[in-house]
Amino acid sequence: MPFAGLAAVLAVALATGAPGLLVFPLFLILVLYVALFDDRSQVVATGSAAALAILVLAIRQLGQTSNLATAVFEVAVLGIVAGSVHEVVRHWREAEAKSEKKAEDLESVDERLRMTLEAATIGLGMVAADGRWLQVNDKLEAILGRGSDELVHMSLLDVTAEADRRAVDDALGQLGRREIVRWESEVQQARPDGSRSPIALAMAAISDHGADEPLLLVQETDISARKRLDAMRDAVVGVRQVIVSASSWEQAAPVLLGSLCTHLDWDLAQYWGADDDRRSLSLQTSWHKDGLNIDLDDPVRNLSIQAGGGLIGRAWQSGVANAIDDLAANDYEQAGAERVAGLRAAVAFPVIGGGLTIGVIELLAREVRHSEADLVSMLSTIGAEIGQFIQRAATAQALRRSEADHRAIYERSPIGIARVSGDGELLEGNPALLLMLEHDIETMRSQAWPDLLRAYDQAAGRARLAPLLAGIADQRGIQIRAATGGGRWLWLQLTATSIPDMSGRPEHMLVMVEDVTTVREAQDRLAEALDAQRGAFATLEKLDRTKTEFLSIVSHEFRTALTGIQGFSELIRDGGLETDEVRAYGGYIFNDADRVNRLIGDMLDLDRMESGRMSIRLADVDINEVMSDVMARASSSSSIVAEFKADLDPRLPIVAGDRDRLVQVVTNLVNNSVKYSPDGGTVTLSTRADGGFALVSVTDTGLGIPADEIEHVFERFRRVRSGAAQSIPGTGLGLTIVKQIVEMHGGKIWVESAVGHGSAFHFTVPLAAEHATPLQRRHA
Amino acid sequence: MPEPAAVGYGSSVVLVADDNEVAQRLCRRVLEKAGYQVLIAGDGQQAVDIALAQNPNLILMDVAMPTMDGLEAMRQIKAARPEMRVVIASAHSMANDRERFLAAGADDVLSKPFRLGDLVAVVARLTAKPSA
């Protein structure tokens, strides 16, 4: 447009020939316009075009020199004016654009700030140095749960929980005194409904030169979400720590409840366990924070809760965690309500183990609180973990108890117990086994055990223990004889039991080893005693038979003697006898009566000796003198045909004896020798010392005793009656009495004899103690 | 042996077997006085020998005798001469002795000591002829 204007003005001027001075203002107006509203290139182009146009007009009017100079002047003015105007306009425009941009920038920062504040849960506000609220934003109102109109009448301290009030007060003081310019902390703030929330609180002093105390900018962030997450995480970690380190539920329960309360900030935790019949729950463990005024000994201890009733009953029945934000407005357990007076919020979650709800844990707090869904689900998880733990702990405890029982049995048993591998190798032996066999485990394993097993197998009548490992049990224990490490011999009773592996296949064995030595020896002794008793019975029976036999023999002897006495006396009584006959019969009667008399005397003697009623009176006896005395009397008898000979040792010491009895012995033996030497012969009496004894012998050259009779000659009523000996009279008790007397002296008697060669009877009598050495007294 | 059997009542032969001389003398004296012919044996073996050789009408047999006792002698005699009468005259007089002797085959038992009349009576009874 400026160029069209310039061209139009030039054309009119050329056509009319109007003077340049007249056209110049038009050009100037055009350039000024361009300079005002267009950019620099437009201004230069327009200015140049205008200057060219002015020069064209001036040249056309050549001749007039003044016209050209005027034109140059006009061009210069035009240039200066256009340039200046354009520069001024440009500066003005730039300033205007700058201020406009600044305004825009300011507007966007404000918006962003607003949006940030809206998006973040940050509350901002101003308080005076004493804490009075001066100004709050919406967020802060929301955080505090109070409107700004309410807050302006309150102080920062009023909304701070009591526990943190002092710290905040101190901070205000320090900031007010400008000791610090900024203070940050996490505090609890109380909301009008009584609930508390964790707040990250920051305060900064704002410079106010006009006042003595600074204003404080308060920044608050609700960190309850983070806090809750942290608390829940800590609670889970805490529960797991307790579970890991505890060995039983009883031990873990209070710690665990305490940990839950501490981490999740509850005041009281209670564990309600299902009773054995699973029909009700009863309180088993509880934990409470210090300062919680609850009577723990009230009747609620025995409170039993039924399924479905109240908070706990519901949690038990449904197996789902349940929360009550405000107990006052809900159907909390009636019976428990008194107990939990002063408590406002509760959450209960089931403890689930093995698919069953085995109990309910309940957390209670003094203030109303809203239990978030994530807390409830976290508690459900914890409930499952605790349930598993309870089950695990119960199983482990049962196992430990069982294991402990078995260990105790194994260690303490008085019976030896050996654990034996399939190869018969000793895996383990209990203390009793090692003690019993006097081995340490090494020598036991390497030496004693293999020997023991061999003996065991042998006694069981098999090659190896193998049948036992095939599950074929020994019917009973097997007794074997075994030597201990110390060389003692024991009777051991071994009883093996196969122990199956998981699949039921016999895998190893337990061998019980009992020391039955005492029992066995007692049995043996008992058997011996029984034998002895049987023997005693036999002896008694024999004695009885002997007595009967004795009676029979005695009566026979008496009756035989009486036959003559009675018969001949009857003949004499009846009369009609010759005098010679009467005399002869009287002789028979006398002899038999005498015989009966001797029989009675011998029998009484024997009875007294055997029953111990006859004692001998020991005195110093010169046995040689006894021999000589007896010999003298015997040889004086007119009817004796035998010849006597003495062979007495003159050095024979005095013996200790009863002289009368010794005379009886020697007399008896001498009479026997004479009786059984019907054809005469020699009877020799001899003595000599033999050790501590006097050896006395009476030897004859008579009939002698048949070999089969020799051992019986000292038995009562045993008389040699064969051959020539049959008519020799005697009671049959003489040698029995002799033997008794010798034995009462502590001596022995025996006989050597052969039929046709005679007999030699020998007996010994102990020497008197002080004369054990020969002849001291006699030669003194 | 018809000869001794043919002898009259008074001349029956009695064998006294006893090892006791007193008993031998007593029996001989009493039986001879009663009209019997008396033979004496000192032991069992002699009794068997004499009995079988002499065929006495009756044997008065003691039991306790050397070499062979009266019961064994009686068994041997009875085996050879079943009809021969044997009276056991024994001083064995325990409760069951009498039954024992009868069971062993004795025709009668006479316990010692005996009344002389009993001796004569038992001998008379056993030597009486069936026809008499």
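# Close-up views of chains A and B

**View 1. The exposed side of α7(A) carries Glu162(A), Arg166(A) and Asp170(A), which lie on the other side of the helix from its buried residues.** The model shown here and in the views below is a predicted one. Helix α7(A) covers residues 162-176, and its 15 residues reach 21 Å from the first C-alpha to the last, close to the 21 Å expected at 1.5 Å a residue. Following α7(A) in the chain comes Arg178(A), a residue with a positive phi, near 60°.

**View 2. The buried side of α7(A) is made up of Asp164(A), Val168(A), Ala171(A), Leu172(A) and Leu175(A).** These residues are on the same side of α7(A) because the arc that they cover around its axis is only 100°. An α-helix has 3.6 residues a turn, so residues three or four places apart point the same way. Among the elements that cover the buried residues of α7(A) are three strands of chain A, namely β3 (182-190), β4 (196-206) and β5 (215-222).

**View 3. Helix α6(B) buries Leu116(B), Leu119(B), Val122(B) and Val123(B).** Seen down the axis of α6(B), these buried residues fall within an arc of 135°, and they therefore line one face of the helix. Gly117(B) and Asp118(B), by contrast, are exposed and lie on the other side of α6(B). The helix itself runs over residues 116-127 of chain B, and its 12 residues reach 17 Å from the first C-alpha to the last, close to the 16 Å expected at 1.5 Å a residue.

**View 4. The cover over the buried residues of α6(B) includes elements of chain A and of chain B.** From chain A, this cover includes α16, while from chain B it includes the helix α2 (21-33) together with the strands β1 (13-17), β3 (58-61), β4 (85-90) and β5 (108-111).

**View 5. In the contact between the two chains, 18 residues come from chain A and 16 residues from chain B.** On the side of chain A that touches chain B, the elements that give two or more residues are α16 (517-574) and α17 (579-610). Helix α16(A) provides the largest share of that side, 13 residues. By character, the residues on the side of chain A that touches chain B divide into four nonpolar, 10 polar and four charged. For the model, the scores are ipTM 0.87 and pTM 0.41.

**View 6. Chain B contains six helices and five strands.** Read from the N terminus on, the elements of chain B follow the order α-β-α-β-α-β-α-β-α-β-α. Of the 132 residues in chain B, 42% are buried, and 58% of the contacts in chain B with a separation of 6 or more are between residues 24 or more positions apart. The mean pLDDT of chain B is 86, with 89% of its residues reaching 70 or more. Over residues 1-8 of chain B, however, pLDDT stays under 50, and for this stretch the model has five contacts beyond four places in sequence.

**View 7. Chain A contains 21 helices and 23 strands.** Buried residues account for 32% of the 780 residues in chain A. Of the contacts in chain A between residues at least 6 apart in sequence, 58% join residues that are at least 24 apart.

Technical notes. Residues are numbered from 1 along each chain as its sequence is written. Chains are lettered from A and ligands numbered from 1 in the order in which they are written. This is a predicted model: local features need pLDDT of at least 70, side-chain atom pairs count only at pLDDT 80 or more; totals for chains, interfaces and linings use all residues. Two residues are in contact if their C-beta atoms, placed from the backbone, lie within 7 Å. Helices (H or I, at least four residues) and strands (E, at least two) are DSSP runs, numbered from the N terminus. Ala, Val, Leu, Ile, Met, Phe, Trp, Tyr, Cys and Pro count as nonpolar, Asp, Glu, Lys and Arg as charged, and the others, Gly among them, as polar. pLDDT is the predictor's confidence in each residue, from 0 to 100. The expected span of a helix is 1.5 Å times one less than its number of residues. A residue is buried if 20 or more other C-beta atoms lie within 10 Å of its own, exposed if 12 or fewer, and partly exposed in between; C-beta atoms are placed from the backbone. The arc is that of the directions from the helix axis to the C-beta atoms.
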